[in-house]
Structures are given as structure tokens and as C-alpha cells.
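User: I am beginning to study protein structure and should like to work through an example by question and answer. Could you guide me through this one?

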Amino acid sequence: MDEYDIIVVGAGHAGIEAAVSGAKMGCRILLLTLSQDTIGKMSCNPAIGGVGKGQLVKEIDALGGVMGEAADACGIQFRILNASKGAAVHSSRAQIDMYKYNEHMKQLVSAQENLVIKETEAKSLIIRKGRVCGVITDKKEEIGAKCVIICAGTFLGGKIHRGLESFSGGRIDEPASIALARDFKKLGFNLLRFKTGTCPRIDKDSIDYSGLIVQNGDKAPKPFSFRTKELSQQQVPCHIAYTNQKTHKIINDNLKYSPLYSGKIKASGVRYCPSIEDKIVKFADRERHQLFLEPQGLESIKVYPNGLSTSLPEDAQLKMLHSIEGMERAKVIRFGYAIEHTVIEPTQIYPTLETKLVKNLYLAGQLNGTTGYEEAAAQGLVAGINAALNIKNREPFILDRASSYIGVLIDDLTTKGTNEPYRMFTSRVEYRLILRQDNADLRLAKTGYGLGLVDKKDYLLVEKKKNDISKGMAFLSAARVNPSYSVNKLLTEWGEAALSKSATLKELLRRPKIDFTKIIQLNGIKHGISAEVLKDVEIEVKYEGFIKRQLVEVARFKNLEKIKMPSGLNYSLIPSLSREIKEKLGNFKPLNLGQASRISGVTPAAISMLMVWLKKQSYEYKPGIGKHKMISVEADLQQ
């Protein structure tokens, strides 16, 4: 029997990050895929990033993952979303040449040292004494491994729907993984069924763009990766179209043929990315819905009408498209469809993404109830890192809510679970003011370097950036502007109060209508700060007061996170807790008191009782968590 350190099942976005990170950390990796040609295939929209998702990509990159650099190499339009709002909600998004991306990832994975690719299907897991020991393939071949990472995407028990027709499939024209889904059920995992969908693909030459709105990318596009020096691909526009009342009538007339409304699909769908059928029914008062016509590649004739996800019959899809301005003569290359797939209820996994039922078995991606390339890649990276650390007998890698969007994503899944496909948003992140996309490298590159995923030269560049920001802040605190006629004239023109006494540049930059371009105009001040660092310094100054307050909140949060729960703790022995809370804690097996506090139904009073009980039992506390700090945290919880 062949033996590997880690077997990764599935070569989508999660599987790639898991396999590459494990290989870079020195483990011998076997990546199983049905076809090498589908490595890194973009199943749905040709884009990476978005609100909340852009932050995930930046963090993956900062930790040493590969999605950011791949997006930069294949991106054909880059935009910062929410650019008119505060820095905390700025999110990067890029249109991607999905064919180049697929090829880029195939080459990257094939060239990775310590990584072997095998075209086969994993049919079942080899389990011995509650521990995974490998997989059995469709060829009845047994392959051994110390750890297994399942990244099955929508393939686990996948079922495709279009109109009243349905058939097994993990993606159109690709088989589902039925046997492995049954294996998870036999092992005792609680399984859910989720639904996602995709849009029809249209021939670009059949679209009349003359009446559509052009949507260009940013004039100065910014890459995802802190390593990327320049963007090499040609940049192209997208176009905006709208549905209308005729479109809506066609959809309403065909709802009886929709698997969503005929009762054929019973799974939970994506609330934040609904099908066009859902939009028409749930927002019946809307006269139109916006569509983004996105090219799938520079040399492709296919266009993706983002916003038009549907599982209506083919004839209804065609009528619907032809009712939209600009698409009266649209030719459909591939019709849209919905897909149901099996999900492992995610409270059955630890924050390391190892399952609680089977040791050394890790799950990542849509299998855990998420939707989107970025959420999948983030989980794949964490699973790959933790499997490698497990093999090396090193401490696990856990990102908490105060460290990253990835930490929020995994904490939400493992403590709260989800009853619908989970999508990341900035609104889910309590500490988003300090977890911005612009400082992802400053926050996480050191960790990536320590794990062996970030090169030393790249890490040193980040350290230099940190030093430059510190120097910039010091310069602004020291440099002063004296009141004068010319200075006060400019301030008045900008709608700011004139100076009556000397002020530091930092004090001036705090003013709402003052930015660095205006600071430079005041007496021709020479700041000596590079353009790359200017924005970071400006954000730190503008939000300094808010950031300080959020850091105080983070310190309180960290106090609870530091109080570890003893392994194998029998919660039934704690007399002060209710039966319901004992059962919840016993099922979830929280790693620390902070995680316990976020389990649905576990009250602040119960956390206080746990703290007191742990103290009485003389369980060891981490340094710095003494009596007074515990009382302070307890008081915070009661507020």
C-alpha cells in the first residue's frame, strides 16, 4: 500500500491551497482529482474577491497561499469595492480569465515539490480505532496517509437540476461523489443539503452592447498579492444590463417548471446570492434587477451574466434572456442550472478543521457549508497547515476573530454552524477597523514566514513596510505647520477651520477634509514617505481613536480566548450549569472559554459559572489571566 503524509481529495480552490501549503511545509502530499484538466477550474462566476471576500484573498496571500498571486496573473479587470466608504470596508475584486487561471493552477500544482497528482476517485475512508489512515479509490486501491483532507466542493452527493429534469453530478458533465457521501453518513456525521446555482453562458458576439452601460475597472488597478509588482494582463470592461417587467412576467409564468418552486429542491439556498426566480418572487415590488455581463476570458466568446443564476427550463431561460435589452438575439452556449450537494454540519469540526468524530480527518470548503471560491481557499489553507503541523507534532494553527477574516469565518462555522450556505461579509467582522485588507500583510506575513510559507525576502519587505509606517507616523507627530495667510487661505478653501496656533501634521491629517495631497500643499512640506505607505499612514491617523477603542475590545476578547478548556472535560460534573448548556458544551467541545461563549444558547452567566468552577478545580490558567482580569472579563460579559 502506498503511503503519504497527507492525502487531499479534490483539486478545487480548497484542495489546491491545502495541497500546496502541506507540500511547502515539507510533507509528502497526494492530490486526488477526477481529472488534472479541472485543477483550479472556476465552476461559476469568472471573478475573485468582493465584499468581505477580497479581505480573505489578501489574508490567504499574506499567510503564503497561492490564490492572490494567481488572481493577479490572470486578472483582466480590478476594482476596489466600497471605495467611497471608510477603509474598513474597502474590498478588492477582479474579473479573471478563468481559462488562464485553470492553466496557471495546473502548472503551479504540477511543479510543486513534494506533491503527487493522481487521477482517481476516493470512494471511502480507511478508519482504524477512530483515526483516518487513508482512502480506498474507485479502482479498489488502498492508499495510506497520516492525515486526509476532504475538499469535495459540490461533488459530495451532488444533484443537478434544470427545469423538472434532475440528474446526479458534481458539476455539469462531471460525476458526483456518491460513495464518499454515504461513507460520511455511515461514520455518524450529521449531514445537511445545500443548494447553489449558476447562470447561462452567452455568446459575446450575439450581444448588442450599444445600449448597455460600460463598467471599467480602476484607473490605477491594485493587485491582491503583496508580492505582485505589476499586473501583466490586458484590462477589459464589463457591461451592465437590467431585467424588466417583461422578463419578470416570463419568469413568473414558468415558476411551475422551476425546481425551486415545484418542490423538487428542498435544500437551503444562498440567501445573499439568490437565483433570478427568488429575486422576482421575494422582491416583487422591484421593477428591474441589475445584471453584470462579465467576460470569461480574453480569448473566450463566453459571457457570464452575473445576477441571472437560474434553474428554469432551457426554453424559459432563452425567452427570459431575449426580453432583456441588449440580449434580444443572445445565443446561449450553456444553460444555467442549480445543484444540491451534501454538507457536513460544521459544528462537528474543530477550529483546526479536524473533525471531532475522526482523528486526523480534515474538511475544507463547501463541504463545511460555505459558498464561494475565497471561503473555500481560506479553509483549504488552514486545513493544509494544520495537517502538516499535526504530522510534525507541532502546536495547531488557529486564527481567532480578532486576528483575521479567516478567523471569523472558521469561528462562525465551528461555533454557530450554518443552516444556509455561508458567505463572508465585512458586517460579520466585529474588529473590521483593525482587520482591513490594506494591512493583511502587516498582520499575517510574520505568521506565514514562521510556518515556512512566506519567503524570507518577502517577509523582510513587509518588515520594512512596518518600519516605514512607524517612521511616517513619527514624522507627522514631529513636523508642524505655523499659522500664516497662505496656510489659512488653503484651509478655508477646503472647508476647514483656520489655524490660530501651530499644529502638527498629524493633527491636521485627522481633520475630515484633509488628506495627504493637501498636507503636501501646506508650505510645500516634504514628507519623504513612499506612495505605497502613504495610504496606510493616513488610515492609521484618521482612525487612530477608533482603532484604540477597538484594541481595548480585542484585549478583553483575548482574555477569554486564553482560558483553555481541559481536554476531555466532563461537563455533566459541573453542578451549576443547566442540562441544556452541559449538552451543548459536551457536543461542541470548545477549546477555550471564548469559543464556549459564542456557542448559541450558552449564556454569559454560564460562562461566569464555568470560570468559577475551573478556578476551584485549580485548572491552570495562562499567564496574565489572574483573578482581577477574570472579574473584569466577567463584568464585560454581563453588560
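The following exchange moves from the whole protein to its parts.

User: How many helices and strands are there in the protein, and how does its radius of gyration stand against the globule rule?

Analyst: This is a predicted model. The protein holds 21 helices and 22 strands. The globule rule gives 26 Å for 639 residues, and the protein is close to that value, so it is as compact as a globular protein of that length. The counts are therefore 21 helices and 22 strands, and the radius of gyration is 26 Å.

User: What share of the residues in the protein is buried?

Analyst: A residue counts as buried when its relative accessible area is under 20%. Among the 639 residues of the protein, the share that is buried is 57%.

User: Is Thr196 buried or exposed, and in which strand is its place?

Analyst: The cut-off for a buried residue is under 20% relative accessible area. Thr196 has 16% relative accessibility, so it counts as buried. Leaving aside residues up to four places away in sequence, Thr196 touches Thr154, Val270, Ala338, Ile339, Gln366 and Thr371. Thr196 is thus buried, and its strand is β12 (residues 191-198).

User: Which strands stand at the edges of the six-stranded open sheet?

Analyst: The sheet runs in the order β14-β15-β16-β17-β13-β18, with antiparallel pairing. Each edge strand has a single partner strand, so one side of each is left without a neighbour in the sheet; these strands are β14 (213-215) and β18 (332-334).

User: Which residue in β18 stands opposite Arg201?

Analyst: Strand β13 (residues 201-203) pairs with β18 over two bridges, in the antiparallel sense. Opposite Arg201, in β18, stands Arg334.

User: Within what arc do the buried residues of helix α8 fall?

Analyst: Ala316, Gln317, Met320 and Leu321 are the buried residues of α8 (residues 314-322). Seen down the helix axis, they line one face of α8, because they fall within an arc of 135°. An α-helix has 3.6 residues a turn, so residues three or four places apart point the same way. The arc for α8 is 135°.

User: Against which helices do the buried residues of α11 pack?

Analyst: Helix α11 (residues 440-451) has 12 residues and reaches 16 Å from its first C-alpha to its last. Its buried residues are Ala440, Asp441, Leu442, Leu444, Ala445, Gly448 and Leu451. These buried residues pack against α2 (53-62), α9 (373-391) and α12 (456-478).

Key:
Residues are numbered from 1 along each chain as its sequence is written. This is a predicted model: local features need pLDDT of at least 70, side-chain atom pairs count only at pLDDT 80 or more; totals for chains, interfaces and linings use all residues. Side-chain values use heavy atoms; hydrogens and water are left out. Helices (H or I, at least four residues) and strands (E, at least two) are DSSP runs, numbered from the N terminus. The expected span of a helix is 1.5 Å times one less than its number of residues. Buried means under 20% relative accessible area, exposed over 50%, partly exposed in between (1.4 Å probe, protein chains only). Contact means heavy atoms within 4.5 Å. Two strands pair if DSSP finds at least two bridges between them. The arc is that of the directions from the helix axis to the C-beta atoms. The radius of gyration is taken over C-alpha atoms; the globule rule is 2.2 Å times the number of residues to the power 0.38.
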